[in-house]
Amino acid sequence: MFATTPLRIVAVSAGLSQPSSTRLLADRLAAATRERLTAEQDRDDRDVEVRVIELRDLAVDIANHLVSGFPSTGLREAIDAVTEADGLIAVTPVFTASYSGLFKSFFDLIDHTALTGKPVVIAATGGTARHSLVLEHALRPLFAYLRAVTVPTSVYAASEDWGSSGDEYTEGLPSRIRRAGGELASVVLGRTVSGASRALGLDDGEDAVVPFEQQLADLRLD
């Protein structure tokens, strides 16, 4: 009997505090993805491995790499884990109405073609719901440039979202987490997710960013 390669889900957390709501959101998204992957596999029942990368632990290594061009062993392992993952979860706190500098610095170290076609859930945390558009005006264009495939549901968690089940007009945070994790699992398993962002092909220009409205299409990964 041949060993089956496990499905690898990697979550990147750019939270700075400890404990961190950013890390908590990354953990919950990873758990939702693992649960759905385990439940929906049609055959082979591949194991699911989850790894969470805390960028706060790599901050000095990231800064040194930016100026020297040489990654430390730990940073190299983190970059390899992200580029080799079957599915990626990227979570950042909101700083100055955008992703954090630490988050951007890490992804600046990844070759712009290394995430081509990789399914990604984007997520962010902040003190107020007014910053939720950071997902659309900052994170989604970033991963479009990196040629990744962002699933339709992104997750923003404001301080008041924790412990909230929503109301008759809005979904609560747990529901959004389950939906995003389910979409990531579906793409990882090669199923169609209506509305997922198109991965930019190698023929697209380096600076090409497909407008979100034009990215809405059915997607199937091999």
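I89 is buried, with a relative accessible area of 0%. This residue of the predicted model sits in strand β3. The protein chain around I89 has seven helices and seven strands. Of its 222 residues, 46% count as buried. The briefing starts from I89, then takes up the fold, the cores, the aromatic rings, helix α5 and the backbone exceptions.

**I89 and its surroundings**

- Beyond its neighbours within four places in sequence, I89 is in contact with I9, V10, A11, V12, L29, A30, T33, V121 and L184.
- T150 lies 61 residues from I89 in sequence, and the C-alpha to C-alpha distance between the two is 9.7 Å.
- I89 falls under the 20% limit for a buried residue, because its relative accessible area is 0%.

**Fold and surface**

- Along the sequence, the order of elements is β-α-β-α-α-β-β-α-β-α-β-β-α-α.
- Among contacts with a separation of 6 or more, 79% join residues 24 or more positions apart.
- The protein chain exposes about 11100 Å².
- Carbon and sulfur atoms supply 49% of that exposed area.

**Nonpolar cores**

- The largest nonpolar core holds 37 residues.
- Within this core, V82, L88, F103, F106, F107, L115 and F143 touch the most other members.
- At least two residues of this core come from each of β1, α3 (73–84), β3, α4 (101–108), β5 (119–126), α5 and β7 (155–158).
- Helix α5 gives the most to this core, with six residues.
- Another core, of 24 residues, lies apart from the largest one, and its members include L29, V121, A157 and A185.

**Aromatic rings**

- What does F103 touch, not counting residues up to four places away in sequence? Its contacts are A14, L55, A90, V91, T92, L139, L142 and F143.
- The whole structure contains five aromatic pairs.
- One of these pairs joins F103 and F107 and is tilted, with 4.9 Å centre to centre and 50° between the planes.
- Both F103 and F107 belong to helix α4, four residues apart, about one turn of the helix.
- In an α-helix, residues three or four places apart point the same way, because there are 3.6 residues a turn.
- F103 is buried at a relative accessible area of 0%, and F107 counts as buried at 3%.
- F103 also pairs with F143, this time edge-to-face, at 6.4 Å centre to centre and 70° between the planes.
- That second pair links distant parts of the chain: F103 is in helix α4, F143 is in helix α5, and they are 40 residues apart.
- F143 is buried, with a relative accessible area of 0%.
- Ring pairs link Y99, F103, F106, F107 and F143 into a cluster.

**Helix α5**

- Helix α5 covers residues 134–145, twelve residues in total.
- From first C-alpha to last, α5 reaches 16 Å, close to the 16 Å expected at 1.5 Å a residue.
- Which residues of α5 are buried? They are V134, L135, A138, L139, R140, L142, F143 and A144.

**Backbone exceptions**

- Most residues other than glycine have a negative phi, and most peptide bonds are trans.
- The peptide bond from Q18 to P19 is cis, with omega near 5°.
- P19 is in the loop between β1 (7–13) and α1 (21–40).
- A97 is not a glycine, yet its phi is positive, about 65°.
- A97 lies in the loop between β3 (87–95) and β4 (98–99).
- Is A97 buried or exposed? A97 is partly exposed, with a relative accessible area of 37%.
- R147, just after α5, takes a positive phi of about 65°, and R147 is a residue other than glycine.
- R147 is placed in the loop between α5 and β6 (149–150).
- R147 counts as buried, at 3% relative accessibility.

Methods: Residues numbered from 1 in each chain as written. Predicted model: local features only at pLDDT ≥ 70, side-chain atom pairs only at ≥ 80, totals over all residues. Heavy atoms only, no water. Expected span 1.5 Å × (residues − 1). Buried < 20%, exposed > 50% of the residue type's maximum accessible area, 1.4 Å probe, protein only. Contact = heavy atoms within 4.5 Å. Areas by Shrake-Rupley, 256 points an atom, 1.4 Å probe, with all protein chains shown as cover. Core = buried A, V, L, I, M, F, W, Y, C linked by side-chain atoms within 4.5 Å. Phe/Tyr/Trp six-rings, centres within 6.5 Å; stacked < 30°, edge-to-face > 60°.
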